[in-house]
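Me: Could you look closely at the charged side chains of this model, at how they pair and where they sit? Please set them against the surface and the helices around them, and state the cut-offs as you go.

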Amino acid sequence: MMREEGAGAGPFALDGSDSGLLDWECQSRPVRGAGADDRPRIQDTRFMHITGALRWLSFAAAAAVAFAAVPAEGQRAFQRYWQERLQQMEDVEIIEDEAEPLDPEEERLLGEGPMAEQLGLTYFPGTGTQFGEEDREALRGYVQGVLSLGQRQAPVALEQLERALGHSPDSVWLRLRMANAAIQANDFSRAADILDGILEDDPENIRALLRKADLMLMRRRISEARRLFDEVLEIQPRNIEALQGITQMAFEMYGDLEMAKEYSGRILLIDDRNLNAMLWHAQASAYTGDPERAADYYTQLARFRPMFLDQMVDDARRLAAQGEVRDAIVLLERAVLFNPENSDARELWEQLQARTDGPRAVTEGYERLMEKDPNSLALHDVYARHLLMEEECPDPRECADRIDWGRLVSLRERSLERDGNHIPALLDLGVARLVQDGFEAAEPYYERAMAARPTNTAVLHEMAEVFLPFEEQRHRARQLYEQILLLSPTDARAMGALAEIKLEEGEREAALALLESALEEQPENAELLVRMGRLQFEQGDEEAGREFLKRATQAGPSDMDAWMELAEALLESGAEEALLDFEERALEEVPRKLEWSVLYGLLAQDHGRYDRSVPALERAVDENPHDLRARVALSRAYIKMDRPGEAVEVLREAEEHIGASRILVRMRDEYLVSVYIELHKYEEARELVSGLVEDFPGEMHFRELLLKTLVHLGESDAVEDLLDETIREYAEERPLETLLLRANVLLDKGEPERAMALLQDAEADYPEAEELLFRVAIAASEVEDLETAEKYYRRLMELGTPQTNPYFEVSANNLGYMFAQNRVRLDEAEDLVRKALEVNPNAPYILDSMGWVYYQQGDYERAQEYLERAAQRAFRDAEIYSNLGQLYEAIGKTDKAREYYKRAISVDPEIEPARERHEALAGSTGNVNNGGSPEL
């Protein structure tokens, strides 16, 4: 068929393995993940700092040697043992345990000498006093009990400590250790009795009060625990452990974040480097509307351990989900400022900014960050990537009019002021000059980059990736990858990229060899597996291609390219059962399920699988009502499935979700206008597009839509008035645009002769205007002036290579279809359309053209294959339906012919020959073989 349009989580879980920074003297109560009520929660478990079983066994062996030695040597050996133990505790691993570390006072006493008064022992350094047998047995039982507690052998520890207590019945330390052992053994009653005995003798024993408070928390006796902590604070107002206990209760038991903020603040007044208190204070501040304070403490924490920055991002995500978007943005802005390379923080910050205040707010946000830290080259780099829209537009030439080149150049020149050899800045300036002024202007920047890092393969990779999108510079990318392989022959990344270039140049065998070598180096590299899968498909081995793609999804569960390639392969091959299994597995394993749903929905539409597309897109819209791309795609799918009411409604519903962003509103309204026109709801289309013309008076596209709508409504006077008004306002400033607008109106009104004359008269003034040439070709086709149409289509096809020329595909297709329609030069028509298919193999209008060529050649079997594929992918296309109807009629399937004629008429009531043939078949029934080709 002819194508007429232009070418253009919750709070952080601090587990044992990450607790090494906590002050082990404070016996911290670390924060756990949020509960069902989304409040920060605290873990009841306390931590013990130990060296692990092997290290404890070595200590025990050292102690045994010491006890067996002569008294003087034994005393010195035991002192060395304790000194070694205490030194080791400065650098230890951590496991969760109900045991507690040595008390600071206990360590002080045992560090000065191997015995303490509380154990009933009499030796102190320098006194010359010898060990007695009872003393030795008490000490042996004590040390062995402590070691058994550290090894989680609570019953053994109880026996050993009880034996020691028999030798020193009044030792408070032994009784405290026994209470710990009883708690480890889940004998809470015995632990309570021991602690009560200590407090009966000494009501103000801080250690016993704290341990009993902990025990009450474990038994969920909240009021009693709070009373004990308060009692400790009456005796020692600056006792950090009691303050931490109450902070924990505020989070976990009361859900009182203001209380948590108050008590964690009191801890920080005593110890401003207490990490637990800083984390509590940050979380409490974040959830009580004080994001600046929260950000202060989070960034302090992140200086100790980067993982705290991830917690900050998780809290921001939770705040955004609760509707506190502004507070979330404050947290994220500080996170980006602290570490610009943290992609989670940066991407979420950009999304929230754009959703709340529009895309422009992201650029303004980066400018604020630059003012706060103008010397951060990492910040310069991520800001530059944002300006270049790398993810959205990998080829800067395609988005040149949307990139703020002046801002980018200014930013990168500032980067070079700070580092004259900053490679990313040199490459970005090279891209800017390349797009704006050509390679001569860009060359000095690339030469500087090469001179600065001539043998650095990472820099060579960056250089090569700059050249890759530019067809005329692809040879330079190839040279750079070859240079990388000379420097590093096993560089799999370079082998993969070079293989891609060789594939494009037709060197398939060389590409295959490179990929095989790369996979020998990195057999689980998802990107390489995807490339190998593509190559296998291109060589016709679909089974091998699918296997490589499956391996890619297993090797890289987060690699979206691998999943999408496999989905496309399954859709293309029609492997229904495999596709179902694949969808279920993808939803379980793809980390970005929302993005997957949208991309898969769009891919399924490309393959005409609207039954697959609709559920995926509905899921995406449900999960993120703000996603306008998903809504537009879902609307398209609804139209295809003859659900026009839902198609309109899903776009109307966007209004309450897309906020006040003029850009998003414009996108929604623009697409909704096209939906109304598609559904022949011209009054609704006129009302909406009239508002767009008023809001964006200089946007010619909206004026063209309004003119098209008025033509359909038959309002000739309104058409002329709007056209005259537009020409008066813009003809001098934008003469070519207004000329094309008038020509399009003539084409819409069915006056192609006048349109062609108007355009050809203006050709002398605009000899290089590609859109003008294209419109002349369209008009010539409509008046069946084959010679003129061919002349202009040929000129358009010669503008560049098929891959770089935006007019090649449509011109080759239209010329081939025109030959087929007129039943002339059918072999040449087939060749032209095949070239268009090589550029865009899934385009419905090109598939339709190929089918129509085969129809005219009498090859109905191949015609059916292409026309049915075109109809599957088409978007309510009357011409495709009409062509398929004629094919079915030719092969004797009159029921299906009537069905597709009817579809064509529902889309375009005036289409011929669909209306004519439908009326002719009105009396026929069933599938009748009319003497033509056998029924397929």
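Reply:
**Charged side chains in their setting**

The accessible surface of the protein comes to about 41200 Å², and 46% of this surface belongs to carbon and sulfur atoms; the areas come from the Shrake-Rupley method with a 1.4 Å probe, and for residues only the protein chains shown count as cover. This is a predicted model, in which local features need pLDDT of at least 70 and side-chain atom pairs count only at pLDDT 80 or more, while totals for chains, interfaces and linings use all residues. Residues are numbered from 1 along each chain as its sequence is written, and side-chain values use heavy atoms, with hydrogens and water left out.

Of the 936 residues in the protein, 52% are buried, where buried means under 20% relative accessible area, exposed means over 50%, and partly exposed lies in between (1.4 Å probe, protein chains only). The fold has 48 helices and four strands, both taken as DSSP runs numbered from the N terminus (helices H or I with at least four residues, strands E with at least two).

Turning to the pairings, the structure holds 54 salt bridges, each defined as a side-chain nitrogen of Lys or Arg within 4 Å of a carboxyl oxygen of Asp or Glu. Side chains of opposite charge can pair when their charged atoms come close.

One such bridge stays within a single helix: the side chains of R531 and E527 meet at 3.5 Å, N to O, and both residues belong to helix α26 (residues 526-538), four residues apart, which is about one turn of the helix. An α-helix has 3.6 residues a turn, so residues three or four places apart point the same way. The two partners differ in exposure, since R531 has a relative accessible area of 14% and is buried, whereas E527, at 46%, is partly exposed.

A second bridge, between E618 and R643 at 3.9 Å, N to O, links distant parts of the chain, with E618 in helix α31 (residues 610-623) and R643 in the loop between α32 (628-640) and α33 (644-652), 25 residues apart. E618 is partly exposed with a relative accessible area of 27%, and R643 is partly exposed with 25%.

A third bridge joins D724 to R742, whose closest N and O atoms are 3.7 Å apart; here too the pair links distant parts of the chain, D724 lying in helix α37 (residues 716-730) and R742 in helix α38 (residues 735-748), 18 residues apart. D724 is partly exposed at 32% relative accessible area, and R742 is partly exposed at 23%. Beyond these pairs, R478, E482, K502, E505 and E507 are joined into one network by salt bridges that share partners.

Some acidic side chains form a patch instead. E509, E516, E520 and E521 make up a negative surface patch, which is built from residues with over 30% relative accessible area and no salt bridge, like charges being joined within 9 Å and nonpolar side chains (Val, Leu, Ile, Met, Phe, Trp, Tyr) within 5 Å. Asp and Glu count as negative and Lys and Arg as positive, with His and the chain ends not counted, and each charge is placed at NZ of Lys, CZ of Arg, CG of Asp or CD of Glu. Of the patch members, E509 sits in helix α25 (residues 508-521) and is exposed, with a relative accessible area of 60%.

Two charged residues in loops have a positive phi. E784, in the loop between α40 (770-782) and α41 (786-797), has a phi near 60° although it is not a glycine, and at 58% relative accessibility E784 is exposed. R825, which lies in the loop between α42 (808-821) and α43 (826-839), is likewise not a glycine and has a positive phi of about 45°; its relative accessible area of 40% makes R825 partly exposed.

Two helices show charged residues in enclosed settings. In helix α46, 11 of the 13 residues are buried, so this helix is largely enclosed by the rest of the structure, and E889 is one of the buried residues. Helix α47 (residues 894-907) has buried residues that include R898; its 14 residues should span 20 Å at 1.5 Å a residue, which agrees with the 20 Å between its end C-alpha atoms, the expected span being 1.5 Å times one less than the number of residues.
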